[in-house]
Amino acid sequence: MKQTGLQVVLVLISVLLAPVTWAQSRADVTIFAAASLREALDELAREYERQGRARAVVSYAGSPMLARQIEKGAPADIFISADSDWMDHLARLGMIRIETRVDLLSNRLVLIAPSASQTTLKIGPRFPLGALLGDRRLAMADPDSVPAGKYGKAALEALGVWQEVAPKVARAENVRAAMALVARGESPFGVVYRTDALAERRVRTVGEFSLGLHPPIVYPAAIVAGSRSKVAYEYLRYLRSINASIVWQRHGFERGG
């Protein structure tokens with residue numbers, strides 16, 4: 001019996017989709033995490049699976065994008081945001097289990113340049129960032145919505161240089177995208193987390209912003225209200241463990257609480 005064109009198409013679709021369904025079924029816990037956590041969290045996930053305990057699948061993006069995906073019903077078990085605002089947003093909607101919320105990590109904010117750059121610059125009140133940029137762009141995560149960008153804007157405002165550099169900001173969708181602009185030499189400077197700069201050999205840290213210039217950088221974590229994972233609680237405890245803290249610290253993070 002000959003198959004119709006529609007039947008052939010349906011068979012092909014089922015074959016193409018099968019590996020995706022199989023991969024998803026193997027995940028014991030799904031984590032939505034801020035992009036700046038990639039290297040450290042990937043290492044922790046590999047170690048946990050190597051011990052035969054559970055397999056984690058991690059999706060990385062900017063905190064706003066992840067929070068909105070969870071709001072729309074994306075199947076996440078654990079959410080790790082790069083600031084409190086987006087966790088608060090989901091909490092108000094009843095989309096996280098409040099009793100599981102913890103401040104997992106903290107971080108620092110730095111100014112970076114391409115590794116080949118010889119520019120020296122001391123961060124301080126009214127430092128000449130705008131003049132050094134000239135007609136080029138300052139790479140930042142979107143300062144209107146992405147945590148790293150909001151922290152960066154607050155620091156530059158406190159230093160009295162934001163008004164000058166605001167028209168020159170290249171707004172990236174997350175902090176890693178901002179760092180990539182600097183790594184490729186498309187931007188002479190960028191504002192990112194210290195941990196990002198440590199993870200990318202094509203950039204160097206020009207200076208570190210003082211903690212008092214911006215709100216504390218915290219990474220809250222919580223189990224998503226709709227989670228069906230049997231290991232979500234155990235996995236969140238693992239991320240807070242002493243063994244995990246060694247990995248976090250090696251990647252430049254500090255314990256949050």
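This is a dialogue on how to read salt bridges, cores, a pocket and some backbone features in a predicted model.

Student: Before we start, what kind of model is this?

Tutor: The model is predicted, and local features are taken from residues with pLDDT of at least 70.

Student: Let us begin with charged side chains. How many salt bridges are there?

Tutor: The general idea is that side chains of opposite charge can pair when their charged atoms come close. In this structure the count comes to 15 salt bridges.

Student: Which residue forms a salt bridge with Arg250, and where do the two lie in the chain?

Tutor: Arg250 pairs with Glu43, at 2.1 Å from N to O. Arg250 belongs to helix α11, residues 242–250, and Glu43 to helix α2, residues 38–50. With their positions 207 residues apart in sequence, the pair links distant parts of the chain. Glu43 is partly exposed, at 22% relative accessible area.

Student: Which residue does Glu47 pair with?

Tutor: Glu47 forms a salt bridge with Arg50, and the N to O distance is 2.7 Å. Both residues are in helix α2, 3 residues apart, or about one turn of the helix.

Student: Are Glu47 and Arg50 buried or exposed?

Tutor: Read each residue against the cut-offs: buried is under 20% relative accessible area and exposed is over 50%, with partly exposed in between. Glu47 has 28%, so Glu47 counts as partly exposed. Arg50 has 61%, so Arg50 counts as exposed.

Student: What about Asp144 and Arg171: how are they joined, and where does each one lie?

Tutor: Their side chains meet in a salt bridge of 2.8 Å, N to O. Asp144 sits in the loop between β6 (138–141) and α6 (147–158), while Arg171 is in strand β7, residues 169–172. They are 27 residues apart, and the pair links distant parts of the chain. Asp144 is exposed at 56%, and Arg171 is partly exposed at 44%.

Student: Which residues are linked in a network of salt bridges?

Tutor: One such network joins Arg108, Arg194, Glu208 and Glu254.

Student: Now the interior. How many residues are in the largest nonpolar core, and which have the most contacts inside it?

Tutor: The largest nonpolar core has 75 residues. Those with the most contacts inside it are Leu37, Ile80, Leu111, Leu138 and Trp248. Helix α8, residues 175–183, gives this core its largest share, 6 residues. A second, separate core has 13 residues, among them Phe32, Ala67, Ile96 and Ala222.

Student: Ala222 brings up contacts across the sequence. Which residue is 8.3 Å from Ala222, C-alpha to C-alpha?

Tutor: That is Glu99, which is 123 residues from Ala222 in sequence. Glu99 is in the loop between α4 (84–92) and β4 (102–106), and is exposed at 63% relative accessible area.

Student: Where does Leu105 lie, and how far is Leu105 from Val218?

Tutor: Leu105 is in strand β4. The C-alpha atoms of Leu105 and Val218 are separated by 5.7 Å, although the two residues are 113 apart along the chain. Leu105 is buried, with a relative accessible area of 1%.

Student: How much space lies in the largest pocket, and which residues are closest to its centre?

Tutor: In general, rolling a probe the size of a water molecule over the atoms shows where empty space is left. Here the largest pocket holds about 430 Å³. It is lined by 21 residues, and the closest to its centre are Thr30, Ala74, Pro75, Ala76 and Asp77. The elements giving two or more residues to the lining are α1 (5–26) and β1 (29–34). By class the lining has 11 nonpolar, 6 polar and 4 charged residues.

Student: Next, helix α6. How far does α6 reach, and which residues in α6 are buried?

Tutor: Compare the end-to-end span with the expected one. α6 has 12 residues and reaches 17 Å from its first C-alpha to its last, close to the 16 Å expected at 1.5 Å a residue. The buried residues in α6 include Pro147, Tyr151, Ala155 and Leu156. Gly160 follows α6 and has a positive phi, near 80°.

Student: Which residue has a positive phi although it is not a glycine?

Tutor: Arg126 does, with a phi of about 55°. Arg126 lies in the loop between β5 (109–114) and α5 (129–133), and is exposed at 67% relative accessible area.

How values were computed
Residues are numbered from 1 along each chain as its sequence is written. Side-chain values use heavy atoms; hydrogens and water are left out. A salt bridge is a side-chain nitrogen of Lys or Arg within 4 Å of a carboxyl oxygen of Asp or Glu. Helices (H or I, at least four residues) and strands (E, at least two) are DSSP runs, numbered from the N terminus. Buried means under 20% relative accessible area, exposed over 50%, partly exposed in between (1.4 Å probe, protein chains only). A nonpolar core is a set of buried Ala, Val, Leu, Ile, Met, Phe, Trp, Tyr and Cys residues joined through side-chain atoms within 4.5 Å. On a 1 Å grid over the protein atoms alone, a cavity is a set of points where a 1.4 Å probe fits but cannot get out, and a pocket is an open set with protein on both sides within 12 Å along at least five of seven lines; lining residues have an atom within 4 Å of a point. Grid points are joined across faces, edges and corners, and a volume is the space filled by probe spheres set on the points. Ala, Val, Leu, Ile, Met, Phe, Trp, Tyr, Cys and Pro count as nonpolar, Asp, Glu, Lys and Arg as charged, and the others, Gly among them, as polar. The expected span of a helix is 1.5 Å times one less than its number of residues.
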